[in-house]
Amino acid sequence: MNLSNPVSELFWRRLALTPAVGVFVLLSLLPLANLIAMSVHEIRWQDGHSVWTFIGTSHYERLLDDGLLKKGFFNTIFFSVAGVTIQIILGFLLAWGVSRISRGRVLYRTIFILPILVPGILIGAIWKLMLNYDFGLVNGLIGLINVQPIDWLGTASLALPSVILVDIWHWTPFCFLLLLAGFESLPQELHEAALMDGVTAWTELRYVYIPLMMPVIVVTFLFRFITSLKVFDEIYLLTGGGPGSSTEVISYTIYRTFFTQDQMGYGSAMSVAVLFAIALLMVLGFSMSRYKGQGV
Amino acid sequence: MKIIRSNFDFEHFFLILVACFVLVPFIWIVAAGFKSQISLLQGEIFFTPNLDSFREVLFSKTTEFFSNACNSTVIAVISTFLIVFSATLGGYAMERMHCPRWLIHTLLGWSVVFHMIPPITLVAAWFPIYRELGLDNTYSGMVLAHMALHLPMALWLMANFIHDVPIELEEAARIDGCSTPYLIWKIIVPLIAPGLAATAILMFIFSWNEFTVALNMTAKQTSTVPVAIAKFAQGYEIKYGEMAATAALALIPALLFLLLGQRHIVKGLTTGALK
Amino acid sequence: MKQGISRRDLSLGAVSAGALSTLAWSPSAWSQAAKQTPFTIVINNSPWFDGFRKVVEAYEADTGNKVNLDVNPFGGSLEKQRASVRTKDGMFDLLIMNGLYYQEFYHGGFLTPLNEIDPGFKLDPQMVRYDNTVYWNETTKSHDPAGKLMSVPVNGNIPLLYYRADLYEENKLKVPETWDELLANAKKLHNPPKIYGIVQRGARGSPNDVSYDWWPYLNSFNGNLFRNEAKGDFTITINSPEAKAALDFYLRMAKEAGHPQTGGLAQAQIIQNLVTGKAAHALLVIAAWSQMDDPAKSAVVGKLNAAKVPRGPNGKPSPVLGHWLAGIPKNVPKARQTAALTFLNWFQTRGSQVKYLQAGSPPVRQDVLSDQALWKDPKNRWMSAMAESSSFTRLMWSIPEGAQIGDVLELRLNQAVIGELTSSKALNLIADESHAILVRSGYKTGKITPLA
């Protein structure tokens with residue numbers, strides 16, 4: 001066994017990674033640069049060519065008056081916070097449950113992962129059928145106990161919660177998977193020690209598992225939260241942002257602006273502003289958690 | 001004794017309850033592949049199953065299912081492997097090789113920001129480059145795109161899992177004269193096996209279900225399963241049956257990967273663990 | 001002396017044979033036409049696509065030329081077309097554009113006028129012009145019939161009134177001519193929850209649901225979005241008393257004979273209600289017809305029939321266009337452009353259009369649509385309504401900013417349907433917001449007195 005020089009190791013690794021990193025940087029920086037450039041221009045097409053006119057911060061000023069965007073922002077935050085919190089709690093309880101039992105582990109694990117194997121489009125299409133006022137399974141089931149049919153997706157107050165429900169169904173497996181991995185990484189001795197000490201499951205949970213699992217929980221929450229802010233498929237297929245603007249979300253507004261309306265400049269400004277807002281939230285969140293962590 | 005028994009029952013009860021909530025819609029989705037369209041639209045619970053949708057998807061003159069499934073598999077497997085490999089190495093570099101903290105924070109921050117860019121704008125930015133380089137409608141182009149999309153998350157996940165490995169083990173191994181690759185392969189990897197498997201599964205699923213880039217960067221030859229499914233949502237008619245049939249068939253390789261992944265990958269990674 | 005065929009004889013013979021064959025040139029002599037290079041059509045998947053595909057195969061068999069079809073989901077086709085025309089070398093040679101988004105391709109100058117590819121090409125007089133959307137005047141930026149020919153229609157998708165002919169016979173009802181008659185019939189058949197008198201697309205859609213459904217009402221009540229679009233006067237007139245009358249009627253229809261949750265119904269739900277027998281009437285595009293008589297997709301096989309859309313008390317029926325046009329982009333090689341145009345030339349012949357109908361898609365030639373011999377087949381019972389509608393078709397707008405106005409319409413009209421806004425408030429908001437959009441884009445525009 002030869003003693004490798006850690007420094008030369010690093011050098012070789014850096015060298016080997018450079019082309020990959022280079023392409024990667026190009027592919028990820030370029031869109032952002034493109035977005036920022038477009039956000040300060042008005043872009044038109046004439047005679048098959050694009051015409052870029054510099055307009056400074058006009059688009060950004062327009063954003064401030066955009067009532068639909070504001071509604072979308074609040075809807076999205078509500079959707080993400082409510083949805084992801086429930087997903088984490090549910091995923092955590094499921095992971096904890098599965099890690100404790102001895103029989104049927106593989107079966108349960110496979111079952112609980114199933115929803116994310118289904119493509120988003122199909123989930124949207126089938127849930128739309130299931131939540132249908134006249135023919136849906138859900139109204140059929142509640143009809144069995146003599147409840148009148150409810151228009152889940154067509155009633156302004158129920159639409160967003162219904163979409164959140166579908167999102168929970170779709171994405172809890174993500175949280176479950178990561179949290180289960182976290183549980184399985186913990187040493188076995190912990191559980192045995194707790195049993196020997198005769199603590200109840202809830203105590204064990206509160207003082208042993210949650211603190212130890214905190215890093216995984218935080219990572220999972222953050223990732224799921226960020227991807228949840230981008231929610232699109234479900235809204236597009238289930239409600240189209242309606243009724244009214246009750247399920248309007250940011251990525252849907254951006255999609256319509258960018259794509260349906262072909263407003264590249266304004267759409268870019270919207271994207272950049274949203275990116276900035278989220279990044280700000282993240283930074284605040286991080287610094288708050290670090291502040292809290294120092295108290296431990 | 002009594003406490004343990006009631007805990008046990010509670011767990012199974014809870015798990016079974018949730019399993020029902022998960023399975024009922026899932027079975028409904030798969031069952032859609034066996035129903036006629038009118039039966040689906042009427043929301044029939046008891047129906048006579050038929051194989052028309054499956055026949056249409058598998059054997060019709062215009063079917064591209066096998067080619068799409070093949071493309072999806074190739075792209076997903078290759079990109080998963082490359083992503084997990086790069087993420088593990090990169091995660092190790094970040095955690096153990098004394099990378100400056102600002103670099104790590106920038107990288108992580110960047111992955112957050114990148115995730116928020118709407119997929120449409122990504123595609124719009126990449127498309128001209130791809131055309132120039134001749135990468136559109138190729139496997140390499142798709143794998144590259146998927147790597148760009150999902151590597152940040154994988155990197156962050158792997159870094160987290162590696163972070164949890166006690167540093168003393170590594171120091172002991174180093175004293176024994178371990179070289180870094182050996183260290184990673186024989187010691188780190190077995191210890192992060194559950195996390196590695198989870199990441200691999202997620203990366204596979206994300207690549208498998210990825211839609212926006214696949215739609216715009218592929219044509220007939222490299223089209224993937226999600227694009228095929230989307231084509232059944234036709235604007236004036238949504239062919240639910242064919243969508244469900246395609247998804248159900250596509251589930252089979254995904255499930256296989258999942259089951260094999262759970263058993264063999266984890267087993268393979270944990271053999272030779274430090275003891 | 002040898003009596004053989006001299007070289008001179010041969011060459012003379014060749015020349016005369018060539019002259020004769022040129023004289024014999026006609027659309028039916030396609031197999032002798034010059035071989036074309038393969039080209040690619042970008043199109044979306046839809047119920048009428050199947051018919052189109054079969055017709056393409058017939059073309060390939062007839063001529064020996066090769067055609068590639070790039071098939072996409074509805075929205076995906078636009079994305080790909082846009083990406084293709086904006087790069088240096090396009091990937092697609094024939095773009096199948098929908099009536100709701102073709103405007104950007106015309107305005108952006110991405111398409112080649114067809115006569116620049118072949119000066120001799122003529123759009124057959126029998127091909128329906130669909131509100132002159134095939135013509136384009138670059139200077140005035142309008143659909144001027146004296147302008148250049150930019151595209152050939154491949155599908156004339158317009159809404160028709162689908163109604164339950166069996167229930168009409170039972171109840172001895174007459175096919176309605178006006179909206180009032182339709183409302184009366186719908187009320188007669190309205191029996192919730194078993195069956196709804198009419199189902200309307202009140203949902204907020206992307207690109208559209210409620211605005212597309214309401215537009216025939218608007219135009220036939222003599223309401224208009226712009227004062228005079230053809231002449232370049234884009235004064236917003238959507239909040240006129242006529243428009244209010246149209247919107248009030250639409251809402252009244254929903255309340256008195258419609259679905260209790262009209263605000264949540266998109267096109268898919270309209271179709272669902274029709275095929276399951278839960279709706280007695282609906283305004284639905286002809287492109288969705290093929291599902292109605294398919295036993296695997298419908299519980300009302302043979303029971304539905306179609307009529308042209310009703311009109312307001314003093315107006316004309318105004319089926320709104322959601323049609324499909326085939327255009328040829330500038331950024332592809334001349335050989336492929338010629339190949340695409342050759343296909344279009346073949347496509348517009350009477351024989352091809354009859355094949356198109358037999359393959360299951362509505363034809364775009366008026367003589368085929370009006371062919372009473374074809375009407376006799378019960379499968380084609382919708383054709384008379386469609387033939388009658390050809391001269392009344394109305395375009396929603398001809399400007400790319402229409403997409404932004406469409407979004408405003410969708411939101412506000414949906415809010416009116418679910419009761420969040422009164423009809424006056426909704427129309428006034430639409431007017432204000434549309435006006436802002438046009439001002440920003442530099443159009444000659446103005447507003448009228450708002451509704452009280």
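**Exercise 1.** In this predicted model, which residues is L160(C) in contact with, leaving aside its neighbours within four places in sequence?

*Solution.* Step 1: apply the cut-off, C-beta atoms within 7 Å. Step 2: drop the neighbours within four places in sequence. The contacts of L160(C) are then L284(C), I286(C), A306(C), A307(C), K308(C), V309(C), W382(C), A385(C) and M386(C).

**Exercise 2.** Place L160(C) in the largest nonpolar core. Which helix supplies the largest share of this core?

*Solution.* Step 1: the core has 300 residues, and L122(A) and L160(C) touch the most other members. Step 2: look for the main contributor. Helix α7 of chain B, residues 139-163, gives the largest share, 17 residues. Step 3: turn to chain C. Domain 1 (33-157 + 322-369) and domain 2 (159-320 + 395-440) of chain C each contribute at least three residues to the core.

**Exercise 3.** Describe the fold of chain B. How many helices and strands does chain B have?

*Solution.* Step 1: count elements. Chain B has 13 helices and 0 strands. Step 2: take the extent. Along the principal axes, the C-alpha atoms of chain B fill a box of roughly 70 × 70 × 30 Å. Step 3: check burial. Of the 275 residues in chain B, 49% are buried. Step 4: check contact range. Among contacts in chain B with a separation of 6 or more, 78% link residues 24 or more positions apart.

**Exercise 4.** How many residues does each of chains A and C bring to their contact?

*Solution.* Step 1: chain A brings 23 residues and chain C 29 residues. Step 2: on the chain A side, β1 (41-46) and α11 (250-260) each supply at least two residues. The largest share, 3 residues, comes from α11(A). Step 3: sort that side by class. It has 7 nonpolar, 11 polar and 5 charged residues.

Technical notes:
Residues are numbered from 1 along each chain as its sequence is written. Chains are lettered from A and ligands numbered from 1 in the order in which they are written. This is a predicted model: local features need pLDDT of at least 70, side-chain atom pairs count only at pLDDT 80 or more; totals for chains, interfaces and linings use all residues. Two residues are in contact if their C-beta atoms, placed from the backbone, lie within 7 Å. Helices (H or I, at least four residues) and strands (E, at least two) are DSSP runs, numbered from the N terminus. Ala, Val, Leu, Ile, Met, Phe, Trp, Tyr, Cys and Pro count as nonpolar, Asp, Glu, Lys and Arg as charged, and the others, Gly among them, as polar. A nonpolar core is a set of buried Ala, Val, Leu, Ile, Met, Phe, Trp, Tyr and Cys residues joined through C-beta atoms within 7 Å. A residue is buried if 20 or more other C-beta atoms lie within 10 Å of its own, exposed if 12 or fewer, and partly exposed in between; C-beta atoms are placed from the backbone. Domain bounds come from an automatic or database domain assignment.
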